Amino acid sequence: MNDFLAQLRAVVGARFVLTDPASLLAYESDALTLFRCQPAAVVLPENKLQVAACVKILHQAQIPFAARGAGTGLSGGALVPAGGVILAMARMRRILEINADGGWAVVEPGVVNAELGRQVAPLGLRYAPDPASQTVSTLGGNAAENSGGPQCFLHGTTSQHILAAEVVLADGRLQTWGTPTTFSDALDLRGFLLGSEGTVGVIVALTVRLIPSPPSIVTLMAAFDSVATACASVSSIVSAGQQPVALEVMDQKTIHAVEASVYRAGLPKDAGAILIVEVEGVAERTHKDAAAIEEILRQHNPMRIEKADTPAKRIAVWKGRKGAGGALGQLGPDSFVMDGVVPRSKLVEIMDFVYEIEQSTQLNIANLFHAGDGNIHPHISYDARNAEQVEVVEDAGTRILRKCLELGGSITGEHGVGLEKQHLMAEQFSADEIQIMAALREVLNPQNLLNPGKGLPMKRGCAEAFHRHHRSAT
Ligand SMILES: Cc1cc2nc3c(=O)[nH]c(=O)nc-3n(C[C@H](O)[C@H](O)[C@H](O)COP(=O)(O)OP(=O)(O)OC[C@H]3O[C@@H](n4cnc5c(N)ncnc54)[C@H](O)[C@@H]3O)c2cc1C
C-alpha cells in the first residue's frame, strides 16, 4: 500500500496525495448520498502526463481508481470501493486553446462548464450544453455522463458538442479520439467514450464545439393551475412544429422552495406549475415564434403568461430554474434526485403516477424537469437516519423508473446508471445487449480497475463494496 502511495507522491508531490480521513470525507460520495465509500487516497494531478504516470502506477499495483470532477453526479459515479484511489481533476482547469474561426476550444477536464461560457462570450460564442449544475460541474464530468440541460432540447446533449477527447487508458496509454476538423468513417471511439461514466478511460482534454451566440432570445413563463396542463401545453407546442431551445416545467413545491431561497426569481407562488419556454435566433423569427407559442399556450388556459423581455428578467428566471435543485435542499436533510425518461406524449401519465406515489408513501416529492425531452427529475427529500424511510425512498424510485419503462421510456436521461440504477438495467436491456456492452468495455478496461462496478450490473457481492447510506449511517 505505502509503496504505490510513495510512487504517486513522487509524481504529483506529497501535498497532492490526500490520505487523512478528514480530507477523504469530502470524496466518500457524490451528490447521491445514498451510496458512500471512502477511498484510500485522493490524488490531484496537474496535467495529462501526471495522470498517465499515476494510472500506470495504479495499474501496476492493481488498485481500482476513478476520475472525479466536481462530484455533482447524481447516480453514485465518482466513487471507488474501499482501498481504491480517486483521481481528482480540480487542478486541471486550463482552457488550452480557443479557435473562434474554427468554432472549437480545447479544455482540460476540470474546467467548469459555465467558466468556458464566460470566456467565449466576448467572442460572440457559446458552449451549448447547460446542465443546471453548470456553475460547478466540470466538462470532464459532463462528457463522462453525456449530460443534458435545458438548452439540450434544441442543441442536443454533451456528446453532440465534443469533437475530440484525449484520454488515458486503464494501463496508462494516452490516446486521442476524434478531431476538430474532419469526420471519419472509422469506428467512433470518441462516441464510445462519451457517456461511458468514466469506465473506459480518464479524459485529460476535450475539444468542444462552440456555436454563435443567438442575436435574439425570447423567454416566456406561463403559469398553469396544474403540472398536467403545463405538460399538455408542451406536447401542443412541439406537435405544432415549433422548435424552442428549452421547455422546462417546475411544480408548485419547487416554485415555493425557489422563492424561499437565494435563487428567488419572482415566480408565481399561486401557480400549480410553470412552464419556461425559450426561443432563439434572428430577432424577426424569434418574435414570430414566440407569438405563435403564446397563442398555443393560451389554448391551455394559463393563469398568466409573462415575457422575460430584458436580460435581467431572463437571468432571474434561469437563476430560479437552475438554482431549484439547490433550493430544494431546504426540504429535508437528504435528497434523492431521480432521472427517468418517457415519450413526451406520456408526460401527464408519468407525472400522475409520481403524485400517486407521493400520496401513497407520504414522501415529500418535488418536480422540475426537462419537459421537452420527456426527462423527469422527481426530487425526493428524506432523512437518511431513518432506515425505514430510506427503504421507502428506494422502492419509490424503482417503481417510478419501472413505470418509465412501461411507458416506453428509459431509466436514465442524463444522470447515468452509476451505482443507483444497475438493478434496472436488465429490465431495459436484453441479456445479449448487456453482454455486448460488457465485452466492449472489457477491451479497454480488462481488469475492471477503472471505475469498477458502475453502469453495468455488478457481479454478486460487488455491490456490497459500496455501502448504502442507511447501513453506514448507524
Ligand atoms: C443541483 C444539480 C443539478 C444538476 N442538473 C443536471 C442537469 O441539468 N443535467 C445533467 O445532465 N446533470 C445534472 N446534474 C448531475 C451532474 O451535475 C452531472 O452529471 C455532471 O455532468 C457531473 O459533473 P461533475 O464534474 O460533478 O462529475 P462527477 O460527479 O465528479 O463525476 C461524474 C462521473 O464522471 C466521471 N468523470 C469525471 N471526470 C472524469 C474524467 N476526467 N474522465 C473520465 N471520467 C470522469 C466520474 O468517474 C463519474 O463517473 C445535476 C446535479 C446537481 C447536484
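Trainee: Which residues come nearest to the ligand?

Mentor: This is a predicted model, where local features need pLDDT of at least 70, side-chain atom pairs count only at pLDDT 80 or more, and totals for chains, interfaces and linings use all residues. Residues are numbered from 1 along each chain as its sequence is written. A residue is near the ligand if its C-beta atom, placed from the backbone, lies within 6 Å of it. Of the 38 residues around the ligand, the nearest are G69, G73, G77, G141 and G325.

Trainee: Which element gives the most to the shell around the ligand?

Mentor: Helices (H or I, at least four residues) and strands (E, at least two) are DSSP runs, numbered from the N terminus. At least two shell residues come from each of β4 (65-68), β11 (202-209), α11 (311-327) and α5 (139-145). The top contribution, five residues, is that of α5.

Trainee: How many bridges join β6 to β7?

Mentor: Two strands pair if DSSP finds at least two bridges between them. Strands β6 (residues 95-99) and β7 (residues 104-107) run antiparallel, and I95 stands opposite V107 in β7. The number of bridges joining β6 to β7 is four.

Trainee: What is the radius of gyration of the protein?

Mentor: The protein has 16 helices and 22 strands. The globule rule, 2.2 Å times the number of residues to the power 0.38, with the radius taken over C-alpha atoms, gives 23 Å for 474 residues. The protein's value is close to that, so it is as compact as a globular protein of that length: 22 Å.
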